[in-house]
Amino acid sequence: MNRKKGSFAPARATISDVAKAANSGKTSVSRYLNGEYHRLSDDMKQRIEAAIIQLDYRPSQMARSLKGGQTGLVGLIIADITNPYSVEVMRGIEAACRQHGFTLLVCNTNNEVNQERHYLQLLNGYQVEGIVVNAVGMHEDALGMLQQSSLPMVLIDRKIPGFSCDVVGLDNREAAILATEHMIQQGFEAILFLSEPLGAVNTRIERLQAFRDSMAAHPDLVAEEAESALDDNAALDTILQKFNHHHRGMRKAILSANGALTLQIARTLRRLDLRWGSDIGLLGFDELAWAELAGVGITTFQQPTYQIGYAALEQLLKRIQGADEPISEQAFSGKLIVRGSTTR
């Protein structure tokens, strides 16, 4: 009989339905599904197999996993899925999951407090075996919830003050020193380190401190620093206008603390009719797909984001499997990609 338009799909067959169709008990069906054929007669196995085919019965993998104490699920919480850094990290994590037979549940909080709380509760509800957290941008109350969780966890990029947890990310000090020394060697006399508000974000703080240390060895050069929110165009306009005006006649450059900010700086320079590479130098953390195509090209510091994601998942699996080794911090080296924005 044809189903009427708008009617509900037939209910999914249950183990009770299989037992009834096979004229057996649910225990016998469970033994068949678990491969315990030696505990069933040949006739019983045939009846159960026929009932499964007739009803198109498909056992719930989640229920079977929970019964065995393992779900094979790993959670990933990221603050902003539109950030190219996050996308590449996610690719590495997903590849490692496939390699080790795990399934990845991705939760994008979009820097919203309610979403952070919701996803933390959701992942607990799905009984994930561990969580990877790219916490940059996460709010303090969400981080507090993470600290209270007993789940195995690995942080990417950002440490949580007072929270003992494995961390995988970039060697920020080494990277910022390499970037700063490159601009010094290129003859820039005034350099501005520009970051989103520092807060307690260790990556921004570590990069700024390395910049300060490098510039301190060159007291004849001008070192400035400023903070601006990504969406505050007026603030960025003011910061860059003042920097450009105060150091007229000097070879000057901007060191951007991350890729999202580099994009906003590029837009601001366009608004101010300033050209990177001739009017002002520009170097940004994170390689961007469009960096080589923008004007004379923008010099970037490329993070090994894929490798960072892969390593984070592998470290998480060690914890899931019960490794009790001391908390570790894996710091990867990056690569400076020189383009026209910082060359003479």
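## The second largest pocket

In this predicted model, the second largest pocket holds about 420 Å³ of space. Its lining is made up of 20 residues, and those lying nearest the centre of the pocket are Asn 83, Pro 84, Tyr 85, Glu 287 and Leu 288. By class, the lining of the second largest pocket comprises nine nonpolar, seven polar and four charged residues.

Two helices, α5 (84-100) and α11 (259-271), each contribute at least two residues to the lining of this pocket. Of the elements involved, α11 gives the most, with four residues in the lining of the second largest pocket. Helix α5 also takes part in the packing against the parallel sheet, which is described next.

## The parallel sheet

Six strands, in the order β2-β1-β3-β4-β5-β11, make up an open sheet in which the pairing is parallel. The edges are occupied by β2 (103-108) and β11 (329-332), and each of these has a single partner strand, so one side of each is left without a neighbour in the sheet. From one strand to the next, the twist averages 15°.

Within this sheet, strand β4 (residues 153-156) and strand β5 (residues 166-170) run parallel and are joined by three bridges, with Ile 156 standing opposite Val 168 in β5. Helix α5 packs on the sheet, where it touches β1 (73-78), β2, β3 (130-134) and β4, and the direction of α5 makes about 160° with that of β2.

## The mixed sheet

A further open sheet of six strands follows the order β7-β6-β8-β9-β10-β12, and its pairing is mixed. Here the edge strands are β7 (222-227) and β12 (335-337), each of which pairs on one side only. Averaged over this sheet, with direction ignored, neighbouring strands are turned by 20° against each other.

Strand β9 (residues 281-285) pairs with strand β10 (residues 299-302) in the parallel sense over three bridges, and Phe 285 stands opposite Phe 301 in β10. Helix α9 (residues 202-216) lies across β6 (190-195), β7, β8 (252-256) and β9, and the helix runs at about 170° to β6.

## Helix α1 against helix α2

Helix α1 (residues 15-22) packs with helix α2 (residues 26-33) at an angle of about 105°, and their axes are 9 Å apart. Because angles of 65 to 115 degrees count as roughly perpendicular, α1 is roughly perpendicular to α2.

On the α1 side the contact is formed by Ile 15, Ser 16, Val 18 and Ala 19, which meet Lys 26, Val 29, Ser 30 and Leu 33 in α2. By class, the contact of α1 with α2 contains five nonpolar, two polar and one charged residues.

## Helix α2 against helix α3

The axes of α2 and helix α3 (residues 42-55) cross at roughly 85° and come within 10 Å, an arrangement that makes α2 roughly perpendicular to α3. From α2, the residues Ser 28, Val 29, Tyr 32 and Leu 33 meet Met 44, Lys 45, Ile 48, Glu 49 and Ile 52 in α3. The residues of the contact of α2 with α3 divide by class into six nonpolar, one polar and two charged.

Two residues of α2, Val 29 and Leu 33, take part in the contact with α1 and also in the contact with α3.

Terms used
Residues numbered from 1 in each chain as written. Predicted model: local features only at pLDDT ≥ 70, side-chain atom pairs only at ≥ 80, totals over all residues. Heavy atoms only, no water. Axes fitted to C-alpha atoms, helices over the stretch in contact; angles between N-to-C directions. Parallel < 35°, antiparallel > 145°, perpendicular 65-115°, else oblique. Contact = heavy atoms within 4.5 Å. Nonpolar A, V, L, I, M, F, W, Y, C, P; charged D, E, K, R; others polar. 1 Å grid on protein atoms, 1.4 Å probe; cavity = no way out; pocket = protein on both sides within 12 Å on 5 of 7 lines; lining within 4 Å. Points joined across faces, edges and corners; volume = space filled by probe spheres on them. Pairing = 2+ DSSP bridges.
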